[in-house]
Amino acid sequence: MWAELLPMGRSSASGGYRRYAWTGADADCRTWFQEQAEARGLAYETDRNGNQWAWLGDPAAGNAVVTGSHLDSVPDGGAFDGPLGVVSAFAALDELRGRGARFTRPLGIVNFGDEEGARFGLACVGSRLTAGALTVEQAHRLTDGDGVTLPRAMEDAGYDPDTLGADPERLARIGAFVELHVEQGRALDLSGDRIGIASAIWPHGRWRFDFRGEANHAGTTRLADRRDPMLPYAETVLAARREAELAGAVATFGKVGVEPNGVNAIPSLVRGWLDSRAADQESLDAVVSGVERAAREHAAAHGADLDVVRESFTPVVEFDHALRDELARILGGATELKVPVLGTGAGHDAGILSGRIPTAMLFVRNPTGVSHSPAESAAEDDCVAGVIALADVLEGLACT
Ligand code: HGY
Ligand code: MN
Ligand code: MN
């Protein structure tokens, strides 16, 4: 499975993945998912939001156990973020069949669409729509960098955007969702453990800062006469770093757009996106308001106008305690090792669904902690340990 997925959407220039929602690379991954489902005799379907499902047993029976993750990527992402959870789901089912396990609950494997939000700017679109955390009207307004709307992109990919919307009937059939994911930090590497269990996801969000000034000639415009929006933007990037350090949080300007984007033109517009996350809401609020305050001061000082728009926000997620303890009991019993319980600053579909159904996550050790980069890695032994741990969890939850 891993070898089949590896070439899909991989850039030969960067070695990273460009599997953006509803593109050709995404379609290749989706075809692969369907083939995996059908090769195992699972009932395959796409839901009203374009998420893919593979079922063993009849989900209408209810109280299903679902596992899976996503197959899309950030720009030049790594191979593991997302796909490891989907591949491990199919591999765990194979493992359980090899053990002769008998299922007492329906088992679902899912690939949630557009988890990273790389194309339309909002993360976890598939699970947000399903959970009713994103309205159809909001989804219809999502537009990519080329002006293509989400409904148009879905339609071009062969999906019907008219069906988009909350899917409470589907969620009502699910008793537990367990997402396996490569760790996106070094906690397991430092503790010497292969596998961890998630405790919580930090509150996080994305804010767009539009600095507007005046385009002019880079050679002839006196410094004193300029209204250059790049200057307050630069000050704002530095302020984000300072505010994050003060609050023990993280803040990143990782995407920027400049108009007209000419070497010899003072920009008319600099648009930067702030991604900020913190262990608690108060710290996150402190960072974002500190960054916005600095941005306003510097914009005023340079004669630029500023608009700040919150594009997305996900409050703190505490994963279901009973399910988390059940995972710890199952894995502790199987390995006689204590499985570490970790918080994370990364967002996941499991976090979005946690407000609606009991969810839990398993993390697989990442030896460098690097993620959202082509350098992301995980050792094969650790990935196999992840599959076995997921199989143990599914067996404990869904088998006699
Ligand atoms: O955490 C993120 O940026 C995304 O949800 N994976
Ligand atoms: Mn990611
Ligand atoms: Mn992910």
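This report describes how two manganese ions are held in a predicted model.

The manganese ion (ligand 3) takes its protein donors from His70 (NE2), Asp81 (OD) and His181 (NE2), which lie 2.0 to 2.2 Å from the ion, and along the chain these donor residues follow the spacing H-x10-D-x99-H. Because His70 belongs to strand S3 (residues 64-70) and His181 to strand S5 (residues 174-182), the pair ties together parts that are 111 residues apart in sequence. Both of these histidines, His70 and His181, are buried.

The manganese ion (ligand 2) is coordinated at 2.0 to 2.8 Å by Asp81 (OD), by Glu116, which is listed with two OE entries, and by His372 (NE2), and the sequence spacing of its donors is D-x34-E-x255-H. Here Asp81 sits in the loop between S3 and helix H3 (83-99), while His372 sits in the loop between strand S15 (359-364) and helix H13 (380-398), so this pair ties together parts that are 291 residues apart in sequence.

The two sites can be set side by side as follows.

| Ion | Donor residues | Distance to ion |
|---|---|---|
| manganese ion (ligand 3) | His70 (NE2), Asp81 (OD), His181 (NE2) | 2.0 to 2.2 Å |
| manganese ion (ligand 2) | Asp81 (OD), Glu116 (OE), Glu116 (OE), His372 (NE2) | 2.0 to 2.8 Å |

Asp81 appears in both rows, since this residue bridges the manganese ion (ligand 3) and the manganese ion (ligand 2), which are 3.6 Å apart. With a relative accessibility of 5%, Asp81 counts as buried, whereas His372, at a relative accessible area of 39%, is partly exposed.

Notes. Residues are numbered from 1 along each chain as its sequence is written. Chains are lettered from A and ligands numbered from 1 in the order in which they are written. This is a predicted model: local features need pLDDT of at least 70, side-chain atom pairs count only at pLDDT 80 or more; totals for chains, interfaces and linings use all residues. Side-chain values use heavy atoms; hydrogens and water are left out. Donors are N, O and S atoms within 2.8 Å of the metal (3.2 Å for Na, K and Ca); water is not among the atoms, so sites may look incomplete. Helices (H or I, at least four residues) and strands (E, at least two) are DSSP runs, numbered from the N terminus. Buried means under 20% relative accessible area, exposed over 50%, partly exposed in between (1.4 Å probe, protein chains only).
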